[in-house]
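User: I would like to go through this model and understand the reason behind each label that is attached to it. Could we take the labels one after another?

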Amino acid sequence: MSETAHTGRRVFISGVVEGFYGRPWTMEQRTELFKREQKWGLNTYLYAPKDDYKHRMYWRDLYSAEEAERLRALISAAKEHDVNFIYAISPGLDMTFSNPKEVAALNRKLDQVRALGCTSFSLLFDDIDADMCPADKQAFSSFAHAQVAISNEVYQHLGEPQTFLFCPTDYCASFCTPNVRQSSYLHTVGEKLLPGIDVLWTGPKVVSEKISVESIEEVSSVLKRAPIIWDNIHANDYDPQRIFLGPYKERPTELIPKLRGVLTNPNCEFYPNFVAIHTLATWCKWAADGGQRDVEMADEDQDASYSPHKALSLALTDWLQEFMTTDQPGGPCRPPAHLKKDASDEEPMQTDMGESLYVPGPNENPLYTAAPLTLDDLRLLSDLFYLPYEHGPTARTMLQELDWLRKHSQAAAAETDQTAEWRTRAQQFDDMCDAVVQMFNRLSNAPNQSILYDLYNYICDIKSGVGLARAYVKTLGRRGRPSAQVMCSDPEPWDFRGGLSGEFQRMLPGHGNRDLFRQPAATAVYCIRPYCPEDKVEVQRVYRGMQEAGDDKTPAMMEPPLLSDGLSAGELPPSPQCALVLEDDFGICGYALALVDAKLSVTKLQGALSDSLLEEFPSLVAVQVLPRVSDPSPAKRLLTQLLSCLRSSGSKGVFCELRECDRRMLDFFSKVGCFQPVHVGSLPQGVVVLASSL
Ligand code: GDL
């Protein structure tokens, strides 16, 4: 199967790896998968369910007679459908590589599977502790040497099968130290692993947004072979609220001649993987002609390249048919509305009980009927659950519109030039929300219940999420009067969305920083933490850096001296509990320091600040954030947290001093909203004071 008879070129490995955490698929689902793979032109299935005991945790245990029979049946079902069944085992959790008994146990297990008809195998060393036990440290010069030695031995024991795959522990670029090119782990694999063994690779990251040709050329040169992509683009085992129904994307077909193959490790739920696998199959159609071939698209548009958009349309069109196929034994007793014949030629149907179907009388309730699911419904569904790094177009529009409606809510609260536009856009947003509800209703009534049950939690979740947004916009439109739904004083449990995990997330400083909707998506993680005396030097560095980078780039940024300069430069210690720093991956990138009672230090200011100012606004804040923090929200959160610390310390008001030439901070404080300029008679020229009550 791996060589084409006449060209001698090796067949591009394409298909599915069942390699996720969680409930493994059933034998029936796997058999259904083989049928689909055959129909769509995919040729491989890699059996690697992480939570199947005998694949990983209890890898040494042989299959019972009953299990063995089921596995034999599965292997032969794959053969019947021309799918290469690769049996993978993950012994790395607890294997002692240097113990010959362990290698014998591995061989014994694989011999058992071979006796069931399997001819292709794989050893996986992903997601394991990279520290070797003392015995292995003595026997091998590195973990890579240990893994490679065992893999070569098993490969030879099995008679050098045509297909034998190896998954490294460093299976993506981000895991390599210091990088792919200089990774001694990968170099050992490349040099020592026998050339007949293929290597799995997930790309730049575990879940790679994009995989470039250059990145594959780089890893291939180290591995000394073209890798097989283990693609996690549709995997959802890491987040129970997400499922991915978008097209295979951001992998140029020019990759195909550079790769040994692609296996997708998709969503845990079997049925919703229709799109993931169908669109991968469309992409793989280029494989036969080395990444160049055109693919027949339904609309005959002879575009020479793979189009994720068209591939998605093809997949959804086929998927709609599947939704319409009844999968329950006997199906519904009453056909859905769209399948019903005209009332005139309708014959009474028989139920299982042998009773005739209930037909309501003229003044009675009509039977409930559901409108049929449409292709647009499936497009919307896919848009709402698109890809790990991207929402679909409709989802993006909904977020944009909600954002606009929120930002312009003053147009709803008071008659302004924008009020008419606000109302139109609010109505359009409401219509989009309604489309989600209608899609939910039609999906719930589609004849194929297996797909529905796999999707149910997700569509319920998005329906409630959209419902909350809809109610919120209505609240804004009612000019500030709270809606019952949003402001309920005796909430139902669904108001505590996300449970404990949701609460943890909302309390972390990174929360809100990770929305896909933000353009460009924020990628830095920020942390706000209390200032400690050891931070003084770093804070000074931020302060000095900003002084030197002042808008005018003149020493004017240092003149005249301000009380807040003393705070930033470390001459005045901030009040306890009233000092915070902002950190990113590179270190401290901002600070917010305060004096609860500035009067105590005011002598240094030679009376520039009046008593009346200090009476009303006794606290002073000094805030600075480096320009590399391009997202304004961390700075805002920093200030907000500091203000709440001051409030807790009993302060009733706060002020800050800024130089007129420091336009960045002036702009920042004016956007925070609560700070207003205050008139202070004796202020030096070029200094502005802004203040806020607490
Ligand atoms: C991984 C695991 C995989 C899991 C995926 C997504 C590999 C090689 N291993 O790291 O089992 O499903 O992430 O969570 O990808």
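User: What makes the order of the seven strands in the open sheet, and which strands are they?

Analyst: In this predicted model, the open sheet runs in the order β9-β10-β11-β12-β13-β15-β14, and its pairing is mixed. Its edge strands are β9 (527-530) and β14 (676-677), each of which pairs on one side only. As general background, strands of a sheet pair through backbone hydrogen bonds, either parallel or antiparallel.

User: How do you know that strand β12 and β13 pair, and in which sense?

Analyst: Two strands are said to pair if at least two bridges are found between them, and strand β12 (residues 619-625) and β13 have two bridges, in the parallel sense. The bridge partner of S619 in β13 is V654, while L620 stands opposite F655 in β13.

User: Why is strand β13 called largely enclosed?

Analyst: A residue counts as buried under 20% relative accessible area, and seven of the seven residues of β13 (residues 653-659) are buried, so the strand is largely enclosed by the rest of the structure. In a regular strand the side chains alternate between the two faces of the sheet. In β13, G653, F655, E657 and R659 point one way and V654, C656 and L658 the other way, and all are buried.

User: Why is C661 called buried, and why is C133 called partly exposed?

Analyst: The relative accessible area of C661 is 11%, which is under the 20% cut-off, so C661 is buried. For C133 the relative accessibility is 28%, which lies between 20% and 50%, so C133 counts as partly exposed.

User: How many disulfides does a search of the whole structure find?

Analyst: The search finds zero disulfides, which means that no pair of cysteine sulfur atoms lies within 2.5 Å.

User: What surrounds the ligand, and which residues are the closest?

Analyst: The ligand is surrounded by 14 residues, of which the closest are G19, D126, Y171, N232 and D237. The residues of this shell divide into six nonpolar, four polar and four charged.

User: What makes the pairs between the ligand and the side chains of Y171, N232 and D237 polar contacts?

Analyst: A polar contact needs a pair of N or O atoms within 3.5 Å. An oxygen atom of the ligand is 2.4 Å from an N or O atom in the side chain of Y171, and the corresponding distances are 2.8 Å for N232 and 2.6 Å for D237, so each pair meets the cut-off. The protein covers 94% of the 360 Å² of accessible area that the ligand has on its own.

User: Why is N265 called buried, and what does its side chain lie beside?

Analyst: N265, found in the loop between β8 (261-264) and α8 (274-284), has 2% relative accessibility, which is under 20%, so N265 counts as buried. A polar atom of its side chain lies 2.9 Å from the backbone nitrogen of G19.

User: Why is D82 called exposed, whereas E160 is called partly exposed?

Analyst: D82 has 51% relative accessibility, which is over 50%, so D82 counts as exposed. E160 has a relative accessible area of 44%, which falls between 20% and 50%, so E160 is partly exposed. D82 has a positive phi of about 60 degrees although it is not a glycine, and E160 has a positive phi of about 50 degrees although it is not a glycine. Most residues other than glycine have a negative phi.

Definitions and conventions: Residues numbered from 1 in each chain as written. Predicted model: local features only at pLDDT ≥ 70, side-chain atom pairs only at ≥ 80, totals over all residues. Heavy atoms only, no water. Near = heavy atom within 4 Å. Polar contact = N/O pair within 3.5 Å; in protein donor to acceptor, adjacent residues only side chain to side chain. Areas by Shrake-Rupley, 256 points an atom, 1.4 Å probe, with all protein chains shown as cover. Nonpolar A, V, L, I, M, F, W, Y, C, P; charged D, E, K, R; others polar. Buried < 20%, exposed > 50% of the residue type's maximum accessible area, 1.4 Å probe, protein only. Helix = DSSP H or I, 4+ residues; strand = E, 2+ residues; numbered from the N terminus.
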